[in-house]
Amino acid sequence: MNTQKKNKVKTVFAVSLTTALLVTSLVSIQAPGHANATGKPAKAGQPTKASQQAKNVILFVGDGMGAAAREAIRLATVGLKGNLAMDSMPYSGLIHTSSTSVVTDSAASATAYASGVKTYNGAIGMDANKKSVKTILEYAKDAGKSTGIVTTSQVTDATGAAFASHVEDRKEQSQIALQYLTKSKVDVLLGGGEDFWFPAGEAGAFKDEPAEDPSEKSKGTQGNLVSKAKQLGYSYVTNKADMQKAKGGKVLGLFANEEMFQQNEEGKGDLYNPVVSLPEMTKKAIDTLSSNKKGFFLMVEEEGTDEMAHENNAALTIKAGQELDKSVQVAKDFAKKNPDTLVLVLADHETGGFSIEAVDDKDESGDGISKEDGPFNIANSKDQFFVDWTTSGHTAVDIPITAMGRGAELFTGIYENTEIFNKMAKAMGLNIKK
Ligand SMILES: [Zn+2]
């Protein structure tokens, strides 16, 4: 891209970021949160009173969804004058994403969020010395809350796994599934990845080696974990109708062999059309978990925003982001009726070096280093934009977080990913032993 344009794009982002931070600090001044009975804000380390605690926490992770991807989702969905559900929240901040490496993966990032430690890429619920670290979901469970993991990826993939299991390598997905059932006892598990729940030769609900991806087949290493789940009292479902009918406090929904979509370059077998949508899964999880009077902790992940960005597929990165936004709306609707709920929307890291450019015929195009992708229509206007990528991997840029509800004011500022654990624990009034 030419330098002039680069500068222009940078300026736009600098302005919107400054605005976001300004708005954040103004809101903080006007509405000091965590005020105690005397009206003074609670000091750090001071236990939060029950009346000030977040009974429910719903954490949304748009995997790989950096600031520019989030902006592209906004432009494509509501246009320049609109705001996404995930952006229409009173508090915002920025998160540094490094693991023990500069550029994190989803496993280390989720471990930082879930347990408050910086660890190596690939680690699930373990610190840099491979010692298990208790997770926010496990603390919430100990406090009597219900817990859930919802994702369009394998339900045992890195992001969810780091909240409810402890293994040295994210690839140990059957071990992760076993720990969900027998150790962390997660109440609601909805997502893909049935291949890790059935041993080789037992296809499960989705046939082995399907045409859309012949590499997908059962490869569980811990026996038939679906049978085990049923013995432990889970309702097991594999489609939308059965999911919506499922009764009881424990639900296991497995809706694909692997991811609930096919990540590929545009026009090369790429497909984002989950058999159960993320908003539908989110709704079911909230309906199920909210029957617990002590509240719940729920992590909801959209994985398409990362996997499609790895393929430099902007169209489906945006589509996946739109599904995430609809899911956030489901949570906001719940939070409006239940003000003791905290809703957070963040990413684990940025993927693709995603940038937004003006339409320009003279700009380089598809040279293999920097790929032009688009054009995409800006909603409610005649304008368009292009997406440009710098990598098929992750990047180290800060990512935005937005927050609403009880304790949301804790999430303003610029801070390390490990702080998310501390802030969620404080918001819930959990007793953390380290
Ligand atoms: Zn990734």
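**Entry 1. Overall composition**

I began with burial across the whole chain: of the 434 residues in the protein, 56% are buried. I note at the outset that the model I am reading is predicted. I then looked up the secondary structure and found twelve helices and 15 strands. For the surface, I recorded an exposed area of about 17,600 Å², of which carbon and sulfur atoms supply 53%. I also looked up how contacts are spread along the chain. Among contacts between residues at least 6 apart in sequence, 72% join residues at least 24 apart.

**Entry 2. The sheet**

I next traced the order of the strands in the open sheet. Ten strands form this sheet, and they run in the order 5-6-4-3-7-1-8-14-2-15 with mixed pairing. At the edges I found strand 5 (235-237) and strand 15 (413-416), each of which pairs on one side only. From one strand to the next, the twist averages 15°.

I examined one pairing in detail. Strand 4 (residues 188-192) pairs with strand 6 (residues 251-254) in the parallel sense, over four bridges. Within this pair, I identified Val251 in strand 6 as the bridge partner of Val188.

**Entry 3. Helix 11 and Ala331**

I asked which strands helix 11 lies across. Helix 11 (residues 314-337) lies across strand 1 (56-62), strand 7 (296-302), strand 8 (341-346) and strand 14 (399-405). Its direction makes an angle of about 170° with strand 1.

I chose Ala331, a residue of helix 11, for closer study. Is Ala331 buried or exposed? Its relative accessibility is 0%, so Ala331 counts as buried; the cut-off for that class is under 20%. Setting aside residues up to four places away in sequence, I listed the residues that Ala331 touches as Ile58, Phe60, Ile286 and Val343. Ile286 is 45 residues from Ala331 along the chain, and I noted 7.8 Å between their C-alpha atoms.

**Entry 4. Helix 2**

I looked up which residues of helix 2 (residues 67-77) are buried. They are Ala68, Ala69, Arg70, Ala72, Ile73, Arg74 and Leu75. I noted that both Arg70 and Arg74 appear in this list. After helix 2 comes Gly79, which has a positive phi near 80°.

**Entry 5. The zinc ion**

I then turned to the metal. Which residues supply the protein donors of the zinc ion? They are Asp306, through two OD atoms, together with His310 (NE2) and His394 (NE2), at 2.1 to 2.5 Å from the ion. Along the chain, these donors follow the spacing D-x3-H-x83-H. His310 belongs to helix 10 (residues 304-310) and His394 to strand 13 (residues 394-395), so the two histidines tie together parts that are 84 residues apart in sequence.

Why is the arrangement around the zinc ion irregular? The four donor atoms subtend angles of 55 to 149°. Four donors count as tetrahedral only if all angles lie between 85 and 135 degrees. For reference, I wrote down that the ideal angle for four tetrahedral donors is 109.5 degrees. I also checked the exposure of His310, which is partly exposed at a relative accessible area of 25%.

**Entry 6. Backbone details**

I looked for unusual backbone geometry and recorded a cis peptide bond from Gly374 to Pro375, with omega near 5°. Pro375 is placed in strand 11 (residues 371-377).

I also recorded two residues that have a positive phi although they are not glycines. Lys185 has a phi of about 50° and sits in the loop between helix 6 (173-182) and strand 4. Asn380 has a phi of about 60° and sits in the loop between strand 11 and strand 12 (384-389). I compared their exposure: Lys185 counts as partly exposed at 43% relative accessibility, whereas Asn380 counts as exposed at 74%.

**Entry 7. Gly295**

My last entry concerns a loop residue. Where is Gly295 found? I located Gly295 in the loop between helix 9 (278-289) and strand 7. Gly295 is buried, with a relative accessible area of 0%. Leaving out neighbours within four places in sequence, I found Gly295 in contact with Lys55, Asn56, Lys145 and Ser146. I also noted that the C-alpha atoms of Gly295 and Ala140 are separated by 8.9 Å, while the two residues are 155 apart along the chain.

Conventions
Residues numbered from 1 in each chain as written. Predicted model: local features only at pLDDT ≥ 70, side-chain atom pairs only at ≥ 80, totals over all residues. Heavy atoms only, no water. Donors = N, O, S within 2.8 Å, 3.2 Å for Na, K, Ca; no water. Tetrahedral: all angles 85-135°; square planar, octahedral: opposite > 155°, others 65-115°. Buried < 20%, exposed > 50% of the residue type's maximum accessible area, 1.4 Å probe, protein only. Contact = heavy atoms within 4.5 Å. Areas by Shrake-Rupley, 256 points an atom, 1.4 Å probe, with all protein chains shown as cover. Pairing = 2+ DSSP bridges. Axes fitted to C-alpha atoms, helices over the stretch in contact; angles between N-to-C directions.
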